[in-house]
Amino acid sequence: MSQATAKVNREVQAFLQDLKGKTIDHVFFVACGGSSAIMYPSKYVFDRESKSINSDLYSANEFIQRNPVQLGEKSLVILCSHSGNTPETVKAAAFARGKGALTIAMTFKPESPLAQEAQYVAQYDWGDEALAINTNYGVLYQIVFGTLQVLENNTKFEQAIEGLDQLQAVYEKALKQEADNAKQFAKAHEKESIIYTMASGANYGVAYSYSICILMEMQWIHSHAIHAGEYFHGPFEIIDESVPFIILLGLDETRPLEERALTFSKKYGKKLTVLDAASYDFTAIDDSVKGYLAPLVLNRVLRSYADELAEARNHPLSHRRYMWKVEY
C-alpha cells in the first residue's frame with residue numbers, strides 16, 4: 001500500500017479494491033442542495049481527466065424522473081446526503097441499483113437509510129475539528145481520484161491525496177488571512193436584502209452552495225449563483241453601485257471567465273467582495289491539482305464569512321422557517 005493510499009478513508013479503500021476489474025463507462029453524481037453543490041468540482045475533474053468515462057451531475061429527484069438511458073450495469077452512481085435521510089437521494093440509490101448500477105453513498109450518518117440502500121458507504125467527518133481530507137469534499141475526492149486511477153491509470157491520485165493531506169494547513173492560514181475581511185463583510189452586508197454570487201469551472205459549486213444554502217436557506221437573503229460565463233448574456237444588466245456581489249476566482253482553466261466578469265463588475269459596481277484563490281498559500285500543493293483543490297479552500301473561507309454574517313445579523317445559521325418544520 002502506497003503512502004497516499006494509506007491516508008484514504010478505509011471504506012473508500014474497500015470500494016476501490018472491489019472496483020478493480022469492473023467496467024464503468026458512466027459516472028453519475030446524485031444529490032440535493034449542499035450535497036449536490038460539493039459534487040461540481042468532481043464533475044469538473046472527470047471532464048478534465050477522464051478519457052473514456054462520461055459523467056453527469058443530477059439533482060436526485062430529476063435523476064429518477066429523467067431516467068437517463070445511459071444508466072445501467074456499466075454505471076457508477078455516487079450519492080451524498082449529510083443526514084442520510086434525504087428522501088429523494090435514498091430513492092435515487094434504490095433506483096440506480098434497480099438499473100444494475102454500482103452505488104456508493106457518502107454520509108455523516110453510517111446507519112442512515114441512504115447508507116443501507118447503497119452497496120458501499122463512506123462516512124465523512126463534520127464540524128470545526130474535522131480535517132480537510134476527512135470532510136465531505138475530501139472523501140469525495142478520494143473516491144473520484146481513486147476511481148480514475150483504478151479504471152484509467154490516472155496519475156494524479158498521489159498528488160490529489162497528498163494535496164488533501166496538506167489542505168488543512170492551507171485552510172488555517174487562509175482563515176487567519178481573511179479573519180478581518182470576514183468581519184468587515186458581515187458589517188457591510190448585515191442589512192442587505194440580496195447578495196449575488198459568481199464563479200465558473202470547479203468553483204461554481206461553491207458559489208451555488210453559498211447562494212442557496214447560506215444566503216437563501218440559512219439567512220433568508222435573496223440570492224442567485226451566476227456563472228461567470230453567462231454573466232454577459234443577461235445577468236450583467238443587474239449590476240450597479242448598490243448591488244452586492246461575491247466573486248470567486250479559482251486556479252483552474254476557467255479563471256479567465258471569472259477575471260473578465262470581475263473586470264466589468266469593478267467598472268460599474270462598488271459592493272464587490274472578491275475571494276481570489278491565488279492570494280492563498282498553495283506552495284505545499286502540487287501544481288497539477290491546485291485548480292481542483294482551490295474550490296475547497298474558497299468554500300472553507302466563505303463559511304467563515306457566513307459565520308460572521310450570521311452573528312452580525314443575529315440570525316443563527318441553524319434557524320429555519322420551513323425546513324424540517326412543515327410538510328413538503
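Let's start with Y208: this tyrosine has a relative accessibility of 24%, so it counts as partly exposed. Keep in mind that the model we're walking through is a predicted one.

Y208 has a partner in Y204, and both sit in helix α10, which covers residues 204-218. They are 4 residues apart, about one turn of the helix. Y204 has a relative accessibility of 16%, and because the cut-off for being buried is under 20%, it lands on the buried side.

What about the two rings themselves? A pair of aromatic rings is described by the distance of the centres and the angle of the planes. A search of the whole structure turns up 23 aromatic pairs. For Y204 and Y208, the ring centres are 6.4 Å apart and the planes meet at 20°, so this pair is stacked.

Now compare that with Y231 and F245, whose rings make an edge-to-face pair, with 6.0 Å from centre to centre and 65° between the planes. This pair links distant parts of the chain. Y231 is in the loop between β7 (225-227) and β8 (245-249), while F245 belongs to strand β8, 14 residues apart. Both of these residues are buried.

Y231 and F245 also have company. Together with Y196, F232, F236, F264 and Y268, they form one aromatic cluster. Take F232 from that group and look over the face of its ring: you'll find R260 there, at 3.9 Å from the ring centre.

While you're at strand β8, have a look at I246, which is in that strand too. With a relative accessibility of 1%, I246 counts as buried. Compare its place with that of A94: the two are 152 residues apart in sequence, and 38 Å separates them in space, C-alpha to C-alpha.

Let's go back to α10, since there is a good deal to see there. Is this helix enclosed or exposed? Of its 15 residues, 12 are buried, so α10 is largely enclosed by the rest of the structure. Among the buried ones are G205, V206, A207, S209 and M218. The helix also has a kink of about 30°, centred on Y210, and Y210 is itself one of the buried residues.

Step just past the end of α10 and you reach W220, in the loop between α10 and β7. Most residues other than glycine have a negative phi, and most peptide bonds are trans. W220, though, has a positive phi near 60°. At a relative accessible area of 30%, W220 is partly exposed. Its ring has a charged neighbour as well: the charged end of R321 sits over the ring, 4.1 Å from its centre.

W220 isn't alone in its backbone angle. N314 has a positive phi of about 55°, although it is not a glycine. You'll find N314 in the segment after α12, where it is exposed, with a relative accessible area of 70%.

Next up is α9, a helix of 33 residues running over 157-189. A straight helix of that kind would reach 48 Å at 1.5 Å a residue, but the end C-alpha atoms of α9 are only 40 Å apart. Follow α9 along and you come to a kink of about 50°, centred on E178.

Both α9 and α10 take part in the lining of the largest pocket. Rolling a probe the size of a water molecule over the atoms shows where empty space is left. The largest pocket has a volume of about 1,600 Å³. It is lined by 46 residues, and the closest to its centre are G34, S35, H82, W126 and M218. Which helix gives the most to this lining? That's α10, with 7 residues. The helices α3 (33-37), α6 (87-98), α8 (136-152) and α12 (287-313) also supply at least two residues each.

One last stop is S52, in the loop between α4 (40-49) and β2 (54-59). S52 is exposed, with a relative accessible area of 54%. Along the sequence S52 and E152 are 100 residues apart, yet in space their C-alpha atoms are 8.0 Å apart.

Note on methods: Residues are numbered from 1 along each chain as its sequence is written. This is a predicted model: local features need pLDDT of at least 70, side-chain atom pairs count only at pLDDT 80 or more; totals for chains, interfaces and linings use all residues. Side-chain values use heavy atoms; hydrogens and water are left out. Rings of Phe, Tyr and Trp (its six-membered ring) pair if their centres lie within 6.5 Å; planes under 30 degrees apart count as stacked, over 60 as edge-to-face and the rest as tilted. Buried means under 20% relative accessible area, exposed over 50%, partly exposed in between (1.4 Å probe, protein chains only). A charge sits over a ring if NZ of Lys or CZ of Arg is within 6 Å of the ring centre and within 35 degrees of the ring normal. The expected span of a helix is 1.5 Å times one less than its number of residues. The bend at a residue is the angle between axes fitted to the seven residues ending there and the seven starting there. On a 1 Å grid over the protein atoms alone, a cavity is a set of points where a 1.4 Å probe fits but cannot get out, and a pocket is an open set with protein on both sides within 12 Å along at least five of seven lines; lining residues have an atom within 4 Å of a point. Grid points are joined across faces, edges and corners, and a volume is the space filled by probe spheres set on the points.
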